[in-house]
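The following exercises concern helix packing and a ligand site. Please study the sequence and the structure before turning to the solutions.

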Amino acid sequence: MANTFDIAVFAGDGIGPEIMAPTVEILRKMADASDKYDLRFVDAPAGAAHYAKTGESFPATSMEIAKSADAILLSAMGLPDVRYPDGTEISPQIDLRKALTLFAGVRPVTVKAGQTTPLNMPEGKEIDFVLIRESTEGLFYTQGRGEVSENEARETLLITREISEKLFKFTFALAQNRKKAGRGTGRVTCVDKANVFRAFAFFRDMFDAEAANHADLKADHAYVDATALWMVQKPWDFDVLVTENMFGDILSDLGAGLMGGLGLAPSADIGLEHAVFQPCHGSAPDIAGQGVANPMAMILSAAMMLDWLGLEKGNAAMVEDARRLREAVEDVVAEGRVLTRDLGGSAGTDEAARAVLDML
Ligand code: ATP
Ligand code: MG
């Protein structure tokens, strides 16, 4: 069937398999209920536990599954006590980002009714913006390869035309889709430090060039320091933000902080041909095996996957199911009856996932 899509499933380590199983079940039920699309799930073993068992952290067969899939679903990989002999962490998700050139890290930041946040939210306000972090170059370019001598250390900030143009094209298309879906205000903000660094002036020029193709969207600029301030003072004013790798790294943790923690924070790493969807949190080894992990960030990541696939493949039913799934999670959280421990409740992983299914 032309509308059957292959999903590579990296169930990973720690709580990974516990949150992946109910998420796949929800997706399967939604696809079964729809005559407009079908999903086929293919397990891709990888990660720290797999390394401990087999001596391989990312088998070539799993990379093949990822490359040939229409989308990739990943929970969390890595364990503190399983490392490579040189001491470095096992993180196949970073290998994937490199191998598939996933240049756009997409982090939605939402605070809806019922959700706890460290901010004092004015009556009637909600936070709903997307931070897009360039994920292949910028200040991470020399990662692990910086020059260090006795009295000096240097790293490189690399901004290329090739990646930046793709990044901004992607960013404006995403803003357009949000506006069409009635979600965003159509504002796109380039976050940089163009007043100090020529590399960021270059970045901004390419942003402006792409902005000129989108008269229906409002493009503007902000310095990264001011953006950090505004993310705390008036985050409800933002719609879509796009920035360099290191700035995005820092601001996306600030965004997760606004959301009251990691349990509700999804993310995506997107390139021209591939995309990986995974929660912002890690494998949480401290609570693994207890059945108490919050599955919502994983389920929201699955909703992002449906949305992306639907838009890529021109399948409106998937975009609609993505919205339904996201709203079901928001409703369960707002209702507050079935919450996992991290959100102040006492429900287990499966119970929380079942509440989402019931809401659907
Ligand atoms: P990584 O380096 O892989 O990002 P980390 O050290 O940042 O990992 P996490 O694994 O994200 O840490 O866990 C941080 C804390 O948040 C832990 O106490 C963990 O139990 C908790 N946590 C993370 N994810 C969840 C979840 N889905 N449900 C409940 N608690 C979680
Ligand atoms: Mg972490």
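**Exercise 1.** At roughly what angle do the axes of helix α10 (residues 316-335) and helix α11 (residues 349-359) cross?

*Solution.* The structure is a predicted model. Step one concerns the geometry: the axes of α10 and α11 come within 9 Å and cross at roughly 115°. Step two adds the hand, and the crossing of α10 and α11 is right-handed. Step three identifies the residues that meet: α10 contributes Ala328, Val329, Asp331 and Val332, while α11 contributes Ala355, Val356 and Met359. Sorted by character, the residues of this contact comprise six nonpolar, no polar and one charged.

**Exercise 2.** Determine how helix α9 (residues 296-313) is oriented relative to α10.

*Solution.* Begin with the angle: α9 and α10 pack at about 160°, and their axes lie 7 Å apart. Angles over 145 degrees count as roughly antiparallel. Therefore α9 is roughly antiparallel to α10. The next step is the hand of the crossing of α9 and α10, which is left-handed. Finally, consider the contact itself. On the α9 side, the residues include Met296, Ile299, Leu300 and Leu306; on the α10 side, they include Ala316, Met318, Val319 and Leu325. Of the residues in the contact of α9 with α10, 14 are nonpolar, one is polar and three are charged.

**Exercise 3.** Classify the packing of helix α1 (residues 16-33) against α9, and name the residues that meet.

*Solution.* The angle between α1 and α9 is about 40°, with the axes 9 Å apart. The arrangement of α1 is therefore oblique to α9. The crossing of these two helices is right-handed. In α1, the residues involved are Ile19, Met20, Thr23, Ile26 and Leu27; their partners in α9 are Met298, Ile299 and Ala302. By character, the contact of α1 with α9 holds seven nonpolar residues, one polar residue and no charged residue.

**Exercise 4.** Which residues come nearest to ligand 1, and how does its shell divide by character?

*Solution.* There are 14 residues around ligand 1. Those that come nearest are His281, Gly282, Ala284, Asn294 and Asp342. The shell around ligand 1 divides into six nonpolar, six polar and two charged residues.

**Exercise 5.** What confidence values accompany the model?

*Solution.* Start with the residues: the mean pLDDT of the protein is 95, and 100% of its residues reach 70 or more. Then take the scores of the model, which are ipTM 0.94 and pTM 0.93.

Definitions and conventions. Residues numbered from 1 in each chain as written. Chains lettered and ligands numbered in written order. Predicted model: local features only at pLDDT ≥ 70, side-chain atom pairs only at ≥ 80, totals over all residues. pLDDT = per-residue confidence, 0-100. Near = placed C-beta within 6 Å. Nonpolar A, V, L, I, M, F, W, Y, C, P; charged D, E, K, R; others polar. Axes fitted to C-alpha atoms, helices over the stretch in contact; angles between N-to-C directions. Helix = DSSP H or I, 4+ residues; strand = E, 2+ residues; numbered from the N terminus. Left-handed = near helix turned anticlockwise from the far one by under 90°. Contact = placed C-beta atoms within 7 Å. Parallel < 35°, antiparallel > 145°, perpendicular 65-115°, else oblique.
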